[in-house]
Amino acid sequence: MPITRAKKEALVADLAERSQRAQAIIFTEYRGLTVAEMTDFRRQLREKAPGSVYMVAKNTLLRLALSQAGLPVPEELLTGPTAVLFADEDPAAAAKTLLAFAKDHELLKVKGGIVTGQLVDEAGIEALSKLPSREELLATLIATIQAPAQKLVMLLQAPQRDLILTLKAYAEQGAE
């Protein structure tokens, strides 16, 4: 049974809204994957990359949605059966999860994507997956901010520590 025009318009509006919100959009070919495998991948995606959605969509509807969102329309990526990964919060974690799943399931093929409004190929998606996750970046930032304060505390404590060690050494020398 064909989809009605109203449903198609609602789907295009939903895809356009997701496209505008996403930091990365990754196009894949899923031909040959079972429903259980797709469900397993979506579960992994929810666990490892919250805010990411993986869905199957018609290429014509994706073209319309991308153009409505003001994004480039990658004609070469919108051929054959296409599933799309919208990564809202942590595109690196979403790409890592996708590539790890694709490594175990050879039928899932990454075609390319759109990252922050720029078209990227499969190598670009792989490079995105190698970036540190949001949590790792935040931890590095906090450590960088704290480092000068920790060094200052150590510098302020050094004269006291040196004096105590000198007095202790003198006391041990005098006791002999």
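I take a nonpolar core to be a set of buried Ala, Val, Leu, Ile, Met, Phe, Trp, Tyr and Cys residues joined through side-chain atoms within 4.5 Å. I keep in mind throughout that this is a predicted model.

**Entry 1, the cores.** I looked up the largest nonpolar core, which holds 22 residues, and I noted that I26, L45, Y54, L85, L98 and L108 are the members that touch the most others in it. I then listed the elements that contribute two or more residues to this core, and they are β1 (24–29), α2, β3 (83–87), α4, β4 (109–115) and α5 (122–129). Of these I marked α4, since the largest share of the core, six residues, comes from that helix.

I followed L85 further and found that, with residues up to four places away in sequence left out, L85 touches A24, I25, I26, L45, S52, V53, Y54, A94 and L98. I also recorded that another core lies apart from the largest one, with 19 residues that include F27, A65, L77 and I114.

**Entry 2, the aromatic rings.** How many aromatic pairs does the structure hold? I found two. For F41 and Y54 I read 4.8 Å centre to centre and 85° between the planes, and I entered the pair as edge-to-face. This pair links distant parts of the chain, with F41 in helix α2 (residues 35–48) and Y54 in strand β2 (residues 52–56), 13 residues apart. I checked the burial of F41 and Y54 as well, and both are buried.

For F41 and F101 I read a centre separation of 5.0 Å with the planes at 45°, so I entered that pair as tilted. Because F41 lies in helix α2 and F101 in helix α4 (residues 91–104), the pair ties together parts that are 60 residues apart in sequence. F41 and F101 are both buried, and I drew F41, Y54 and F101 together in my notes as one aromatic cluster.

**Entry 3, helix packing.** Two packed helices are described by the angle between their axes and the distance between the axes, and I looked up both values for two helix pairs.

I began with helix α1 (residues 5–21) and helix α3 (residues 59–68), whose axes come within 8 Å and cross at roughly 50°. That angle makes α1 oblique to α3, and the crossing of these helices is right-handed. I listed the residues that make the contact as K8, L11, V12, L15, A16, S19 and Q20 on the α1 side, with L61, L62, L64, A65, L66 and Q68 on the α3 side.

I turned next to α4 and α5, which pack at an angle of about 115° with their axes 7 Å apart. I therefore describe α4 and α5 as roughly perpendicular to each other, and I recorded their crossing as left-handed. On the α4 side I found P91, A92, A95, K96 and L99, which meet I125, E126, L128 and S129 in α5.

**Entry 4, a loop residue.** Where is D90 found, and is D90 buried or exposed? I located D90 in the loop between β3 and α4. Its relative accessibility is 10%, and because buried means under 20%, I counted D90 as buried. I closed the entry with its contacts: leaving out residues up to four places away in sequence, D90 touches S133, R134 and E135.

Note on methods:
Residues numbered from 1 in each chain as written. Predicted model: local features only at pLDDT ≥ 70, side-chain atom pairs only at ≥ 80, totals over all residues. Heavy atoms only, no water. Phe/Tyr/Trp six-rings, centres within 6.5 Å; stacked < 30°, edge-to-face > 60°. Buried < 20%, exposed > 50% of the residue type's maximum accessible area, 1.4 Å probe, protein only. Contact = heavy atoms within 4.5 Å. Axes fitted to C-alpha atoms, helices over the stretch in contact; angles between N-to-C directions. Parallel < 35°, antiparallel > 145°, perpendicular 65-115°, else oblique. Left-handed = near helix turned anticlockwise from the far one by under 90°.
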